[in-house]
Amino acid sequence: MRLEKISIQINNDNIINSLDLKINSGEIFVLMGPSGSGKTTLLKGIAGLLPFASGKQTWENGTGTTGLVFQEPRLFPHLTVVENIAFGLRVRGISVKERKAMALNFLKNLQLESLENRYPHQLSGGQQQRVSLGRALILNPDLLLLDEPFASLDTSLRLDLIEWLYELQRNLGFSILWVTHYIDEALSVADRIGIILNGGLQQIGIPSELFQKPASEKIAQFLSLPNRFSRGQWRKWFQYELNGLQTQDRGWIDPKHLQLIDEGNRSGEGNIEEAACIISGFVTKVRPSREGYSITVLADSKSLEVNTTGWKRVPKLKEKIRIRVPFEHIHWYSE
Ligand SMILES: Nc1ncnc2c1ncn2[C@@H]1O[C@H](COP(=O)(O)OP(=O)(O)OP(=O)(O)O)[C@@H](O)[C@H]1O
């Protein structure tokens, strides 16, 4: 599906501004953006629930269909699981018997085989959401539109359902435009990610591209990239030794690549040959993390985030500490 210069207005305000987007067949395209940036409005426009003020929507084969699934399951309370799933087929002029047979057959894909006769209130949140997805998918849409589909579920169930939907998508081959605000969710399913800010797509790329080469500081900020500093600041830390090395306006480095230097054990200083600098600062925050501790260090009135992976002891607040920054792990991007 392709959108060309699409605008959508609500109360005469342009919520989507001349937006271009192409979703390839069989692709999972993840759409991310801050609250109010226009994600839901765009999905509703594509689904035909909101009119386009201008622009064009086209499909590779002339026409195409969409299915839209919201964060909250919107099921008919008086219909059973199988009746809810079969409901969409009514508009297709298929007989009652055939509809039910198709829905029963589809239950396997949804892993809901034993629950066919339950009513929505007799299902868990995750099961209800699978019924919602089933109701959309049984119509075999070319493009499935997902608006934060698992956001109201707890973490482990959310991760299970993401995995399940990803497998189902890879088997059945439909395309997905998937809105989420979870970076982990985006990274685990996206073929490409698009970032929307103020009603326009600011950057589209495969996940690694986006994280390594954000198109702007606004996007780097939205992605919560830590340790983002200007070239001027990096120059100070590297004592002007950046000359001749490839840099751009700004650079960020993943906390896992910053090495704490343990004064008792000099091995932390690493390979002297490699371009690196040592930054001294004071610990201002210590928080537990998966790998150990995430500590915040104040150096030259800038805050740096460091992981203590491989470090033997817990850093103390206000402790003076030295950090080694290997140049090769800084990702450079423009302002
Ligand atoms: N029915 C409406 N009436 C007036 N303004 C609206 C309406 N629906 C949406 N908007 C406005 O359009 C803008 C985009 O809203 P939208 O729901 O598309 O954002 P979003 O990116 O999906 O946000 P969130 O992540 O919070 O769901 C917001 O500024 C919102 O206030």
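This is a short walk through the structure, one selection at a time.

Before you click, note that residues are numbered from 1 along each chain as its sequence is written. The model is predicted, so local features need pLDDT of at least 70 and side-chain atom pairs count only at pLDDT 80 or more, while totals for chains, interfaces and linings use all residues.

**Whole chain.** Start with everything on screen. The C-alpha atoms of the protein chain fill a box of roughly 75 × 45 × 35 Å along the principal axes. You'll find 9 helices and 17 strands; these are DSSP runs numbered from the N terminus, helices (H or I) having at least four residues and strands (E) at least two. Of the 335 residues, 30% are buried, meaning that 20 or more other C-beta atoms, placed from the backbone, lie within 10 Å of the residue's own.

**Residues 1-223.** Select this span next. An unreviewed UniProt entry annotates it as "domain: ABC transporter"; such annotations may be inferred rather than shown by experiment. The span is 36% helix and 25% strand, and its end C-alpha atoms lie 26 Å apart.

**Strands E1 and E4.** Now colour residues 2-10 (E1) and 54-58 (E4). They run antiparallel, joined by 4 bridges; pairing takes at least two DSSP bridges. Look for Arg2, which stands opposite Thr58 in E4. E4 is hardly covered: the buried count among its 5 residues is 0.

**Around the ligand.** Show the ligand and its shell, which includes Ile10, Asn11, Ile15, Lys39, Thr40 and Thr41. A residue belongs here if its C-beta atom, placed from the backbone, lies within 6 Å of the ligand. Helix H1 (residues 39-46) gives the most, with 3 residues. By type, the shell has 2 nonpolar, 8 polar and 1 charged, with Ala, Val, Leu, Ile, Met, Phe, Trp, Tyr, Cys and Pro as nonpolar, Asp, Glu, Lys and Arg as charged, and the others, Gly among them, as polar.

**Helix H4.** Finish at residues 125-137. Is this helix enclosed or open? It is largely enclosed by the rest of the structure, since 11 of its 13 residues are buried. Among them are Gln127, Val131, Leu133 and Leu137. Turn on the neighbours too: the buried residues pack against strands E5 (66-69) and E6 (143-147) and helices H2 (81-87), H3 (96-110) and H5 (155-172). Contact here means C-beta atoms, placed from the backbone, within 7 Å. Try the distance tool as well: the end C-alpha atoms of H4 are 18 Å apart, which agrees with the 18 Å its 13 residues should span at 1.5 Å a residue, the expected span being 1.5 Å times one less than the number of residues.

Conventions: Buried ≥ 20, exposed ≤ 12 C-beta atoms within 10 Å, placed from the backbone. Contact = placed C-beta atoms within 7 Å.
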